[in-house]
Amino acid sequence: AKTNRVPLGARPASQVKAGLPEAGCGRMPPAFARVLVASSSLVWFSCAFALAPPTARPGENKASVQAHDTFLKSLRNTEQVHAEGEKKQTAGRVGRKASNRDLKRQSDASTMLTEDGGQGRCGTDDVDVAAERASFEKELDDLYGLDDVKQAAKQEFALYAFDKLYKTLGPEGGTPVRASQSYAFLGPPGTGKTTVAKLFSKMFCRLGRVNFDAVHHTRPDELIGNKVGDTQRVVNENLAKGKGGVIFIDEAYLLAADRDRGANSFQQEAIGVLMKLMDAWPRTVFIFAGYEQQMQDMFSVNSGFKRRVAKMFHFEPYKSEELASMFVAKAKRQNANLGVGFFPDTTTARLPELLQNFKKSYEPSDALAGTEVGARFLRFLQVREHDPDAHAQDAAAWDAALSAYGRELEDRVLELVKKMPEDMLKAQNAALIDRLFGRLYEIRARRIMDNELMTSREGCLPNMPAFNDYRTEFAHACPVVLFYTHDDLHRAVKAEEESWGPAPVTHSDVSDRN
């Protein structure tokens, strides 16, 4: 049988004779149409080829022609819908890219504004300078010692407070002359340099001189690369973490050149990058900390550092009296601020008697439970240590006994501290207090475990009938860990002295022996 094949793109004779309009893709015949439709990225490709039936007379297969027209219209509508969807998706992608570019430009502009003196997250134009100054000075006064540092820090706050007021109330267009925000904290470890740096961060944030109230701690060994040329990347990545806040570089003198050997290439590169960042980041505070003499040596051979430092703060070692006061204050913060006591060595043996007297000293209506019973018992022991009858008197007698207990403990600690090697005190300072409490914890733990004062079976009270009436009340406030003995304290001081080593022999010691 002979089959008439209509060339692709031609119209069948039946459509021409019938006067039908051209229909869609490939001008498909009215019947027996084969349509290959492929979809890729929502774009339709159809009408690869078509087979035409034998030539039909006018009017023949009219229903088929109408069905075919309906199909073509549906196909065109589908193509139009997908085309419009593709346009919307393309427009959406373009819009998102444009939006991302706008956001990036806004972010870059914001960063540039912040680095050039914008407000960032800290400080407002209507800040109450007087109130902020009073708050800053109170936080300083709460620190132990550091009289010279406190005075200098208060002066700095006053100057920066004036700068802020000058921008608002001064001549139009006038700007403060002071620009540098870099400091040197000179002194041995444990003298409060990190604590003061945190207060400086608050101060600068309150006055809007930095963007964030945060201190980024780092050391020179964290600013040196592993190979030549890598130090710049290391310095930039490390210090970028503190950009817009306070960057605290401890033991900064290790970046300096040795007087005899000079600086190596790594040190020189780190110093060069560091000083560039100090100039480029006006809203970042740099604090260089370290021993007094070593820091002075660094400034003497690196004039660039010294020129960029606005002021030097000198942190002196704590006096023995200050260390004793710090010890008593730390004792009050032990056990999650529940506190801890220091009592005679016989306190543990007298616990049954003390617990009985403690229970009698409160009315039955007092609902003691949890850690509250432990806090009450500790205060009871502290008062009884000074005045055995104070608990039965008025509140004034109770407070007086507590104050007397604190003074007696401070005097006891001061006596022990004064006997410690002088070089050990100067080298450790406040760190000595933490070390002593660490040793106290170990010594008390051995004493309690050796005497079986705390076991998993019996709980926190000795396995004696005298304690049976108190186990429930003290289930969450074990009495035997609420205090140390005087012997514990002496042993802790001795252990710390022995760890430091023998005191250096002086010329006076040699003369005395001779």
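This report describes a parallel sheet, two helices that lie across it, and one buried threonine in a predicted model.

## The open sheet

Five strands make up an open sheet, and their order is E4-E5-E6-E3-E7. The pairing throughout this sheet is parallel. Its edges are formed by strand E4 (215–218) and strand E7 (311–314), each of which pairs on one side only. On average, neighbouring strands are turned by 20 degrees against each other, with direction ignored. In general, the strands of a sheet pair through backbone hydrogen bonds, in either a parallel or an antiparallel manner.

Within the sheet, strand E5 (residues 246–249) is joined to strand E6 (residues 285–290) by four bridges in the parallel sense. In this pair of strands, Phe-248 stands opposite Ile-287, a residue of E6.

## Helices across the sheet

Helix H5 covers residues 193–206 and lies across strand E3 (182–186) as well as E4, E5, E6 and E7. The direction of H5 is at about 160 degrees to E3.

Helix H8, comprising residues 292–301, lies across E3, E6 and E7. Relative to E3, helix H8 runs at about 140 degrees.

## The environment of Thr-485

Strand E9 (residues 483–485) contains Thr-485. Because its relative accessible area is 3%, which falls under the 20% cut-off, Thr-485 counts as buried.

When residues up to four places away in sequence are not counted, Thr-485 touches Phe-343, Pro-344, Asp-345 and Arg-447.

Terms used
Residues are numbered from 1 along each chain as its sequence is written. This is a predicted model: local features need pLDDT of at least 70, side-chain atom pairs count only at pLDDT 80 or more; totals for chains, interfaces and linings use all residues. Side-chain values use heavy atoms; hydrogens and water are left out. Two strands pair if DSSP finds at least two bridges between them. Axes are lines fitted to C-alpha atoms, for helices over the stretch in contact, and angles run from 0 to 180 degrees between N-to-C directions. Contact means heavy atoms within 4.5 Å. Buried means under 20% relative accessible area, exposed over 50%, partly exposed in between (1.4 Å probe, protein chains only).
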